[in-house]
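Hi,

Here is the model I promised to pass on to you. Please open it alongside this note, and my findings follow below.

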There are 2 protein chains.
Amino acid sequence: MTDTTEPGRRRADARRNQRSLLDAAAAVFVASGVEAPVRDIAAAAGVGVGTVYRHFPTRADLVVAVYRHQVEACAEAGPVCLAEGPTPYAALTRWIDSFVDLLVTKHGLAAALRADSGQFDALHSYFVDRLVPVCADLLAAAAEAGEIRRDVDAYQLLRGVGNLCIGADSDPRYDARRLVGLLLAGLRSPD
Amino acid sequence: MTDTTEPGRRRADARRNQRSLLDAAAAVFVASGVEAPVRDIAAAAGVGVGTVYRHFPTRADLVVAVYRHQVEACAEAGPVCLAEGPTPYAALTRWIDSFVDLLVTKHGLAAALRADSGQFDALHSYFVDRLVPVCADLLAAAAEAGEIRRDVDAYQLLRGVGNLCIGADSDPRYDARRLVGLLLAGLRSPD
DNA sequence: AACCATACGGAACGCTGTTCCGCTTAACAA
DNA sequence: TTGTTAAGCGGAACAGCGTTCCGTATGGTT
């Protein structure tokens with residue numbers, strides 16, 4: 001995927017439109033969720049749909065671009081959590097909490113993350129590439145400290161947490177954080 | 001929702017078509033997943049789309065009709081598991097396993113279950129109405145026996161398990177059963 | 001000022017679920 | 001057997017989606 005996000009030496013109107021698009025998308029996502037129609041985003045940016053696809057080959061790429069900073073921040077928080085302790089397991093739970101925050105805060109982001117979405121592949125890949133290694137480090141540290149079982153795969157854990165967050169908004173009877181907490185508690189069970 | 005499934009004294013061709021539709025839908029769901037287009041099901045049954053909607057007001061109703069027997073069986077398995085012991089917690093895990101089987105076996109069923117689907121509301125309601133009470137009994141028994149924490153809600157647990165099953169097919173790196181196992185292990189943690 | 005690659009807008013395409021309505025036909029009465 | 005009619009059927013049509021395409025406009029350069 002060619003990164004159309006970097007400033008590059010493109011035409012002024014192109015750069016301007018890209019900015020409008022990112023701003024508009026962020027606003028629309030907050031208001032209507034990540035699954036908002038492309039046409040709505042185009043309209044909010046005062047731009048035609050063709051322009052959207054010129055800048056972002058697919059809806060997923062637009063979503064990635066909008067949330068890139070936050071995903072990046074989450075990834076960088078991993079080592080920080082580990083350093084701040086007090087134990088690797090505590091760091092893991094705190095980091096997972098921040099991940100859950102990221103997903104639950106943005107309407108429909110978690111749902112968009114599932115692999116079998118067809119579209120949204122790019123979104124899934126980006127999250128996986130960036131966050132799985134971070135999670136793996138935390139898991140390894142906790143396992144090394146004997147705080148959790150050793151046979152937990154970072155990819156699976158992240159997918160599981162992501163799945164648990166689906167529909168966390170839009171259903172008052174459901175509390176994703178609580179279930180994630182139980183899942184993390186389950187990691188402590190003996191191998 | 002009026003139940004168009006009961007035999008009633010309708011015209012012979014109507015009954016015949018309803019049968020074809022259910023058979024065809026079951027076959028198509030196995031082959032292409034629960035989210036297969038209505039047109040495909042109509043074609044497989046040798047029937048027009050209008051006929052599909054005459055018998056099943058919405059796609060969700062068709063899905064419910066196809067899986068009604070299996071959901072019923074799962075619901076009835078609850079008390080049986082409890083009776084067979086050896087402990088309420090063992091019964092709970094065995095019952096949840098059968099629930100997971102139900103979801104993982106049918107492509108895309110778990111995904112269709114999420115509440116915020118828009119369409120598929122009927123499916124969600126049916127599962128909830130039928131299975132939450134069963135799960136609640138199992139949870140209560142296990143809690144009473146002091147095997148698990150007391151503050152676990154049946155609806156939340158079922159939604160959590162359902163969510164964990166999303167995409168279990170179509171992603172070899174992901175093992176829903178394993179994560180459900182971890183979640184259940186988490187139930188044993190102290191209040 | 002004149003040129004043209006770059007970028008734009010939005011109609012058009014192919015895919016959904018669902019609705020609508022003119023036609024067919026099963027069921028029943030005479 | 002034939003006639004009547006309401007139940008049922010088929011599939012065109014509608015609305016909404018992501019995405020593609022292409023004639024037109026324009027920023028940057030000579």
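A residue counts as near a strand if one of its heavy atoms lies within 4 Å of it. Helices (H or I, at least four residues) are DSSP runs, numbered from the N terminus.

A word on conventions: this is a predicted model, where local features need pLDDT of at least 70, side-chain atom pairs count only at pLDDT 80 or more, and totals for chains, interfaces and linings use all residues. Residues are numbered from 1 along each chain as its sequence is written, chains are lettered from A and ligands numbered from 1 in the order in which they are written, and side-chain values use heavy atoms, leaving out hydrogens and water.

Now to DNA strand D. H3(B) gives the largest share of the surface near this strand, with 5 residues. Helices H2 (38-44) and H3 (49-55) of chain A, and H1 (12-32) and H3 (49-55) of chain B, each provide at least two residues of that surface.

There are 25 residues around DNA strand D, and A:Thr58, B:Arg11, B:Asn17, B:Gly50 and B:Thr51 come nearest. Of the strand's atoms that come within 4 Å of the protein, 61% belong to sugar and phosphate.

Some polar contacts (pairs of N or O atoms within 3.5 Å) may interest you:

- The side chain of A:Thr58 has an N or O atom 2.7 Å from a phosphate oxygen of DNA strand D.
- For the side chain of B:Thr51, the distance to a phosphate oxygen of DNA strand D is 2.6 Å.
- B:Gly50 instead uses a backbone N or O atom, 3.2 Å from a base oxygen of DNA strand D.

Best wishes

Technical notes:
Polar contact = N/O pair within 3.5 Å; in protein donor to acceptor, adjacent residues only side chain to side chain.
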